[in-house]
Amino acid sequence: MSNPNGARGARAERDLVVWLRANGYPDAVRARGEGSVDRGDIGGIPRTAIQVKNANKPEYVMARLRAAQTGALEQAHGRRPVAVVRLPGVTDPAQWWAATTVQWLPEAGTGRLGNGTVRGGYDLPIDAADVPARCYRYHLEWNIEEHGGALRDGWWITTVSRLFAALPREVAA
């Protein structure tokens with residue numbers, strides 16, 4: 001690939017697929033750009049659209065996270081949007097950042113999907129802290145390290161390993 005940014009992005013997608021397959025998602029595959037509707041970067045996970053971005057410098061992390069969130073929402077088409085950002089210098093996909101909208105998390109004690117309110121009793125596996133929509137990267141880093149994640153503007157942001165451990169397992173229909 002002659003485009004170095006494209007090569008880095010493709011590498012991040014391949015690394016995430018390998019991690020997903022080793023961690024309970026054996027059908028995970030890189031999606032190929034076919035047809036007029038983009039379905040996300042990673043396929044093979046039922047009802048989930050995954051958008052992967054690579055941030056090769058610390059100052060790009062927040063912009064890449066926002067771009068991944070936007071892409072995941074555009075590609076969801078009624079499925080769970082998941083945004084993943086490969087952090088600079090972090091080779092283990094389990095430690096990359098991942099985000100999903102809170103309405104795709106189960107409501108506490110019910111097992112049903114939520115109603116879209118940000119704090120309305122979601123069954124978060126950690127004590128996620130609310131952060132402002134316009135916050136700095138270090139606010140998210142601190143909350144992910146100290147609280148296991150952050151709630152920002154309707155999105156739960158945490159690590160790839162925490163997010164995929166918390167998502168309900170669904171089988172392909």
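The expected span of a helix is 1.5 Å times one less than its number of residues. With that rule in hand, let us turn to helix α2 of this structure, which is a predicted model.

Helix α2 covers residues 61-76, 16 residues in total, and should therefore span 22 Å; its end C-alpha atoms lie 22 Å apart, in agreement with the expectation. Which residues of α2 are buried? They are Val-61, Met-62, Leu-65, Ala-68, Gln-69, Gly-71, Ala-72, Gln-75 and Ala-76. In general, an α-helix has 3.6 residues a turn, so residues three or four places apart point the same way. The buried residues of α2 pack against strands β3, β4, β5 (97-101), β7 (150-152) and β8 (155-159), and against helix α3 (137-147).

Directly after α2 comes His-77, in the loop between α2 and β4. His-77 is not a glycine, yet its phi is positive, at about 50 degrees. With a relative accessible area of 45%, His-77 is partly exposed. Arg-47 also has a positive phi, near 55 degrees, and is likewise a residue other than glycine. Arg-47 sits in the loop between β2 (42-43) and β3, and is partly exposed at a relative accessible area of 42%. For context, most residues other than glycine have a negative phi.

Let me now place these elements in the whole chain. The protein chain has four helices and eight strands, and from the N terminus on they follow the order α-β-β-β-α-β-β-β-α-β-β-α. The chain has 173 residues, of which 46% count as buried. Among contacts between residues at least 6 apart in sequence, 52% join residues at least 24 apart. The chain exposes about 9,000 Å², and carbon and sulfur atoms supply 49% of that area.

I come next to the interior. The largest nonpolar core has 23 residues, and those with the most contacts inside it are Leu-16, Leu-20, Ile-42, Ile-50, Val-84, Val-160 and Phe-164. Which elements give two or more residues to this core? They are α1, β3 (48-54), β4 (80-86) and α4. The largest share, five residues, comes from α1. Apart from this core lies another, of 17 residues, among them Leu-65, Val-131, Leu-140 and Ile-144. Leu-65 is also one of the buried residues of α2.

Phe-164 leads us to the aromatic residues. The structure holds two aromatic pairs. In one of them, the rings of Tyr-25 and Phe-164 have their centres 5.5 Å apart and their planes at 75 degrees; planes over 60 degrees apart count as edge-to-face, so this pair is edge-to-face. The pair links distant parts of the chain, 139 residues apart: Tyr-25 is in the loop between α1 and β1 (29-30), whereas Phe-164 is in helix α4 (residues 160-166). Tyr-25 is buried, with a relative accessible area of 9%, and Phe-164 counts as buried at 1%. Together with Trp-19, Tyr-25 and Phe-164 form one aromatic cluster.

Finally, I draw attention to a charged residue in helix α1 (residues 4-22), namely Glu-13. Is Glu-13 buried or exposed? Its relative accessibility is 10%, and the limit for buried is under 20%, so Glu-13 counts as buried. Leaving aside residues up to four places away in sequence, Glu-13 touches Arg-30, Asp-41, Ile-42 and Val-52. Ile-42 also belongs to the residues with the most contacts inside the largest nonpolar core.

Terms used:
Residues numbered from 1 in each chain as written. Predicted model: local features only at pLDDT ≥ 70, side-chain atom pairs only at ≥ 80, totals over all residues. Heavy atoms only, no water. Buried < 20%, exposed > 50% of the residue type's maximum accessible area, 1.4 Å probe, protein only. Contact = heavy atoms within 4.5 Å. Phe/Tyr/Trp six-rings, centres within 6.5 Å; stacked < 30°, edge-to-face > 60°. Core = buried A, V, L, I, M, F, W, Y, C linked by side-chain atoms within 4.5 Å. Areas by Shrake-Rupley, 256 points an atom, 1.4 Å probe, with all protein chains shown as cover.
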